[in-house]
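Me: Please take a close look at one part of this structure. I would like the second largest pocket, then the helices that follow from its lining.

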Amino acid sequence: MPLGLGRRKKAPPLVENEEAEPIRSGLGGLGVGSVGVVGGALQPGLPPPPASLRPRLVFHTQLAHGSPTGRIEGFTNVKELYSKIAEAFKISPAEVMFCTLNTHKVDMEKLLGGQIGLEDFIFAHTKGQRKEVEVFKSEEALGLTITDNGAGYAFIKRIKEGSVIDRIQVINVGDMIESINGQSLIGCRHYEVAKMLKDLPKGRTFTLKLTEPRKAFDMISQRSAGGKHSGSAQLGTGRGTLRLRAKGPATVEEQPSAFEEKAIEKVDDLLESYMGIRDTELAATMVELGKDKRNPDEFAESLDEQLGDFAFPDEFVFDVWGAIGDAKVGRY
């Protein structure tokens with residue numbers, strides 16, 4: 001059966017940008033709906049446990065540019081995490097651009113995505129200086145890789161050496177892209193921003209409005225710390241991880257297996273190659289959807305059901321299927 005048969009079902013919109021999705025519980029989201037706690041273990045088919053019996057996972061956090069240490073708990077997704085951080089430091093949640101794990105630097109390989117190690121320390125990067133830049137698109141490719149924070153902000157994750165953007169010293173890794181030619185991008189996903197940049201006509205000038213993360217004194221001279229890709233980035237340092245999900249409750253899981261880590265890395269590379277984005281949470285979701293499928297058509301159908309808004313091309317889906325298969329058999 002050829003790849004792509006049955007790929008006509010339109011998935012519901014992604015929920016990352018749905019403001020109306022209810023907060024179902026605190027970290028009791030681990031027991032929401034049909035999951036309960038019995039003898040310290042999560043069991044299906046039982047009602048949520050009372051608050052006194054729910055797991056209490058407490059994380060330590062600081063503002064990346066410097067602050068006292070705060071304690072946060074009771075979040076089940078990225079938006080709630082940012083709200084907890086804002087509450088701890090008495091700032092607006094809209095000030096939080098992104099978070100890094102175990103470093104205050106703008107290190108894109110330590111970016112908080114969909115998983116937090118249970119022993120990880122969270123550093124919140126907040127809005128700093130705003131700037132407006134005129135860019136002449138002399139080449140088709142600008143040399144940017146885009147990611148987003150899961151709460152409405154897309155920002156620069158990588159700048160390719162020698163590219164159009166690399167030659168503009170004022171543009172840095174970590175800068176949030178507020179608008180292109182006056183069109184606001186607040187609330188857009190990374191793939192939407194990447195497509196807009198790709199579709200800009202060659203040989204013309206366009207305007208970027210950017211916001212850079214507020215820097216600590218020891219980071220003032222850094223241009224693009226963490227911009228280079230490391231193939232051995234870990235998803236967390238704790239023995240277990242808290243898996244944040246855009247839809248549904250957070251769950252405590254074991255660290256990804258060696259197969260899953262390698263597959264996620266390869267899928268993330270394919271996302272960058274095909275779409276100009278990097279997103280370990282999205283890559284992990286794709287690996288999770290594909291690891292038990294019997295053929296690429298089953299995998300394609302599953303992607304359309306869960307991630308239909310991305311409109312992944314068949315060639316990309318086939319390459320992702322191959323990457324997952326290679327990782328399964330140890331072909332790294």
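Reply: This is a predicted model. Start with the second largest pocket, which holds about 790 Å³ of space. Its lining counts 30 residues. Nearest the centre lie Ala194, Lys198, Tyr274, Met275 and Gly276. Three elements give two or more residues to this lining: β8 (144–148), α2 (190–199) and α3 (258–275). The top contributor is α2, with seven residues. By class, the lining splits into 12 nonpolar, six polar and 12 charged residues.

Now follow α3 away from the pocket lining. α3 packs with α4. Their axes come within 8 Å and cross at roughly 120°. Angles from 65 to 115 degrees count as roughly perpendicular, and this one falls in the oblique class, so α3 and α4 are oblique to each other. The crossing is right-handed. On the α3 side, the contact uses Phe259, Ala263, Ile264, Val267, Asp268 and Leu271. On the α4 side, Thr280, Leu282, Ala283, Ala284, Met286 and Val287 take part. The contact of α3 with α4 has 10 nonpolar residues, one polar and one charged.

Next comes α4 (residues 280–290) against α5 (residues 296–307). These two helices pack at an angle of about 135°, with their axes 9 Å apart. α4 and α5 are therefore oblique to each other as well. Their crossing is right-handed. From α4, the residues are Leu282, Thr285, Met286, Leu289 and Gly290. They meet Phe299, Ser302, Leu303, Gln306 and Leu307 of α5. This contact divides into six nonpolar and four polar residues, with no charged ones.

α4 has a further partner, α6 (residues 314–328). The angle is about 75°, and the axes lie 10 Å apart. Angles of 65 to 115 degrees count as roughly perpendicular, so α4 is roughly perpendicular to α6. Met286, Val287 and Gly290 supply the α4 side. Phe316, Val320, Trp321, Ile324 and Lys328 supply the α6 side. Here the classes are six nonpolar, one polar and one charged.

Put the contacts together around α4. Met286 takes part in the contact with α3, in the one with α5 and in the one with α6. Leu282 meets α3 and also α5. Val287 serves the contacts with α3 and α6. Gly290 serves those with α5 and α6. On the pocket side, α3 is among the elements that give two or more residues to the lining.

Notes:
Residues are numbered from 1 along each chain as its sequence is written. This is a predicted model: local features need pLDDT of at least 70, side-chain atom pairs count only at pLDDT 80 or more; totals for chains, interfaces and linings use all residues. Side-chain values use heavy atoms; hydrogens and water are left out. On a 1 Å grid over the protein atoms alone, a cavity is a set of points where a 1.4 Å probe fits but cannot get out, and a pocket is an open set with protein on both sides within 12 Å along at least five of seven lines; lining residues have an atom within 4 Å of a point. Grid points are joined across faces, edges and corners, and a volume is the space filled by probe spheres set on the points. Helices (H or I, at least four residues) and strands (E, at least two) are DSSP runs, numbered from the N terminus. Ala, Val, Leu, Ile, Met, Phe, Trp, Tyr, Cys and Pro count as nonpolar, Asp, Glu, Lys and Arg as charged, and the others, Gly among them, as polar. Axes are lines fitted to C-alpha atoms, for helices over the stretch in contact, and angles run from 0 to 180 degrees between N-to-C directions. Angles under 35 degrees count as roughly parallel, over 145 as roughly antiparallel, 65 to 115 as roughly perpendicular and the rest as oblique. A crossing is left-handed if the near helix is turned anticlockwise from the far one by less than a right angle, and right-handed if clockwise. Contact means heavy atoms within 4.5 Å.
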